[in-house]
Amino acid sequence: MKNRVSLKRAITAAVFFALLGSLPAPADQLQWRSECKIEVRGDYRYIDSNGIPNHSVGTFPNHGNPNSISPQNYHRRVPLHPTPAMGDTRGTDFGVAVNGVMFDPGTAELWNNDPRWHYEALSGEMAHHGSLGMDHNLAHVQPSGAYHYHGLPMGLLNSLNYRSKMVLLGWAADGYPIYGPYCYAIAGDARSELKELKSSYRLKSGSRPGGSNGPGGQYDGSFAQDYEYVPHLGDLDEYNGRVGITPEFPEGTFYYVVTSNWPFIPRKFKGEPDPSFRKLPPGGGRFGRPGGGPGRGPGSAFSGPRGGLSGTDGSFSGPRGGFGGPRDGFNGTRDDSDGPPRDVGRPADGPDGTYGGPPGRRQNPPDQLPDGGPSE
């Protein structure tokens, strides 16, 4: 059993570093400065920002993401005293970081335009081929120019010295705080050592439904629906959070944790998200996302057969894991807006959900990032 666990970790690490190998190289400076103002007025905390990060970012556009970073006009607010309410996550950014960048872990890509099957950005097929153009902060850009995090924001974490103390990363749309992966080992004891907290989610066993009910194939992390919550499997609850004391809340509070294993950024709200976090069409009003980055127009959808892979060994031919030719893509449409869903067809070549290369090419998804994620 121990050998099997070690082998799984080794394969996971190999796939994750393959993913890193496809990431754009850091660009040390942007032409805009990061602007973020956080203040308390009445019963709310207000966060106004331009969405520009205060750390290095990858190169955009790139082969997996055709969009350029541009300033936004965010006006968010969160309640100072959140209460549990079983909030909904649909159509809502999960939260905002202390630097004003949005936490937005979901994707707009669907299997056969079916809202029951959302592709995952950081595990399974998308991650294995670097097809969403993530940078070293596990972030990329929407057509509106909005840079946003899908996982551990390593530039921000490193700037806060996250391995040596419990760090506040931002605020969820429902008002509860978001912390980095290293927290007190004992939730109620600030004198306890720091520990990297893990989620309580894991891949489901067996195979997905096929035919009109699903993409078929084994649960491999390609879809959000490939994961299941198992109470007490890790350190956190189904919201990827827990109750405990923090440096900012010495009397205790519920808080979310951004983790190195799925769901990376939480997918469910403990409380009710504020309407200011609702997603609107680009340029759609006060809480919308003003245009800025080049989107994908008609004819720009990936058009490879059966969502096919171009190489005879099941690999992509484009540089950095990108789409290098007309046969390198998916058979549906997508614009990576993380907004209205886009159909990207089947998850793989084979009828059983396997990739088109010879045996042994497929590997486990990077559902756990080695050593807490990449270093900057």
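Ring pairs (Phe, Tyr and Trp rings, with the six-membered ring used for Trp, whose centres lie within 6.5 Å) link Phe94, Tyr176, Tyr239, Phe254, Tyr256 and Phe269 into a cluster. This cluster belongs to a predicted model, in which local features need pLDDT of at least 70 and side-chain atom pairs count only at pLDDT 80 or more, while totals for chains, interfaces and linings use all residues. Residues are numbered from 1 along each chain as its sequence is written, and side-chain values use heavy atoms, with hydrogens and water left out.

A look at the whole chain helps to set the scene. The protein chain has three helices and 18 strands; these are DSSP runs numbered from the N terminus, with at least four residues for a helix (H or I) and at least two for a strand (E). Of its 376 residues, 54% are buried, where buried stands for under 20% relative accessible area, exposed for over 50%, and partly exposed for the range in between (1.4 Å probe, protein chains only). The accessible surface comes to about 15900 Å², and carbon and sulfur atoms account for 51% of that surface; such areas come from the Shrake-Rupley method with a 1.4 Å probe, and for residues only the protein chains shown count as cover. Contacts (heavy atoms within 4.5 Å) also say something about the fold: of those between residues at least 6 apart in sequence, 68% join residues at least 24 apart.

The aromatic rings deserve a closer look. A pair of aromatic rings is described by the distance of the centres and the angle of the planes. There are 18 aromatic pairs in the structure; planes under 30 degrees apart count as stacked, over 60 as edge-to-face, and the rest as tilted. The ring centres of Trp117 and Phe223 are 5.6 Å apart and the planes stand at 80°, so this pair is edge-to-face. Trp117 comes from strand S7 (residues 114-118) and Phe223 from the loop between strands S14 (201-203) and S15 (227-229), so that the pair links distant parts of the chain, 106 residues apart. Trp117 and Phe223 are both buried. A second pair, Tyr227 and Trp262, has its centres 4.3 Å apart and its planes at 5°, and is therefore stacked. Here Tyr227 lies in strand S15 and Trp262 in the loop between S17 and strand S18 (342-343), again a link between distant parts of the chain, 35 residues apart. Tyr227 and Trp262 are both buried as well.

Rings also have charged partners. A charge sits over a ring if NZ of Lys or CZ of Arg is within 6 Å of the ring centre and within 35 degrees of the ring normal. Lys268 lies over the face of Tyr239, 5.4 Å from the ring centre, and Tyr239 is one of the residues in the cluster described at the start. The charged end of Arg41 sits over the ring of Tyr46, at 3.9 Å from its centre.

Arg41 leads on to a sheet. Three strands form an open sheet in the order S1-S2-S3, with antiparallel pairing; two strands pair if DSSP finds at least two bridges between them. Strands S1 (36-41) and S3 (74-79) stand at the edges with a single partner strand each, so one side of each has no neighbour in the sheet. Between S1 and S2 (residues 44-49), which run antiparallel, there are six bridges. Among the bridge partners, Arg41 is matched with Tyr44 in S2 and Cys36 with Ser49 in S2. S1 and S2 form a hairpin with two residues between them, and Gly42 in the turn has a positive phi of about 65°.

A further open sheet holds eight strands in the order S8-S9-S5-S4-S10-S11-S17-S16, with mixed pairing. Its edges are S8 (139-141) and S16 (241-244), each with a single partner strand, so one side of each is left without a neighbour in the sheet. Within this sheet, S4 (residues 95-97) and S5 (residues 102-103) pair in the antiparallel sense over two bridges, and Gly95 stands opposite Phe103 in S5.

Two single residues complete the picture. Thr253 lies in strand S17 (residues 253-257) and is buried, with a relative accessible area of 14%. Leaving aside neighbours within four places in sequence, the contacts of Thr253 include Tyr176, Pro177 and Arg242. Lys165, in the loop between helix H3 (154-159) and strand S10 (168-172), counts as partly exposed at 44% relative accessibility.
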